[in-house]
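Student: Could you walk me through one part of this model in detail? I'd like a close look at a single helix and how it sits in the rest of the chain.

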Amino acid sequence: MTSHSAPVPRLQPRFLLRGAVALLLALVLVGCSAAAAGLNRYQNPDGRFAFLYPTGWTRVQVSEGPQLVFHDLINSDETLSLVISEVGTDGDLSDLGSAVAVGERLRRAVIAPEGSGRQAELLEADERDQDGRTFYDLEYAVHLGDRDRHELATVVVDRGRLYTFAASTNEIRWNKVKELFHQVVTSFTLLV
């Protein structure tokens, strides 16, 4: 009994190249969707503003303070908040001062007011334009009595209101979440 084996077909180089390109494209697309897959979209009921927040975070009702608060279910010390304040000007954010001036004012009045037991340092203050509106992106190191925190915020003025959207975490976790927090904070947008 003789055994005959069929010849093994040889793959043409062009088929190998096409396969490699298809595999590379698939990996790139999966990577892109995975980065956005960890975020949910929030839009307020009147359609005024929207932002992204991390999957696994939940909205918390507060009686006083921010209009909106979200926190991580696992690391409940990580928060996202939106404060809307009347500023009495219909102008642009630059009417309130430069990014550094507004960042320092927020530091003194909101993040670490005198008598709060907190100290804060404005680490970075940048200006960006989005859809014809000026936003200031701010970064703070916040020192509490028992721990240090890191906070990112973006502020914008619209129709006499100052929107301050901020994400905060313990300094220990900052390096793990800083890219995510940058993406979340800069996702804040006014829709009307």
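Tutor: Sure, but a word on confidence before we zoom in. This is a predicted model, and the chain averages a pLDDT of 84, with 80% of the residues scoring at least 70. Confidence bottoms out in helix α1 (residues 13-37), at a mean of 42, and peaks in β2 at 97. Over residues 19-36 pLDDT stays under 50, and the model has one contact beyond four places in sequence for that stretch. So let's take α2 instead.

Helix α2 covers residues 99-111. A straight helix of 13 residues would span 18 Å at 1.5 Å a residue, yet α2 spans only 16 Å between its end C-alpha atoms. Its buried residues are Ala99, Val102, Gly103, Leu106, Arg107 and Ile111. Look down the axis of α2 and these buried residues fall within an arc of 145°, so they line one face of the helix. What do they pack against? The partners are β6 (119-130), β7 (133-143), β8 and β9.

Now for the nonpolar cores. The largest has 23 residues, and Phe49, Phe51, Leu80 and Phe188 touch the most other members. Several elements supply at least two residues each, including β8 (148-158), β9 (161-170) and α3 (174-185). It's α3 that gives the most, with five. Back at α2, its end residues Ala99 and Ile111 belong to a second, separate core of 16 residues, which also includes Val155 and Val157.

Terms used: Residues are numbered from 1 along each chain as its sequence is written. This is a predicted model: local features need pLDDT of at least 70, side-chain atom pairs count only at pLDDT 80 or more; totals for chains, interfaces and linings use all residues. Side-chain values use heavy atoms; hydrogens and water are left out. A nonpolar core is a set of buried Ala, Val, Leu, Ile, Met, Phe, Trp, Tyr and Cys residues joined through side-chain atoms within 4.5 Å. Buried means under 20% relative accessible area, exposed over 50%, partly exposed in between (1.4 Å probe, protein chains only). Helices (H or I, at least four residues) and strands (E, at least two) are DSSP runs, numbered from the N terminus. pLDDT is the predictor's confidence in each residue, from 0 to 100. Contact means heavy atoms within 4.5 Å. The expected span of a helix is 1.5 Å times one less than its number of residues. The arc is that of the directions from the helix axis to the C-beta atoms.
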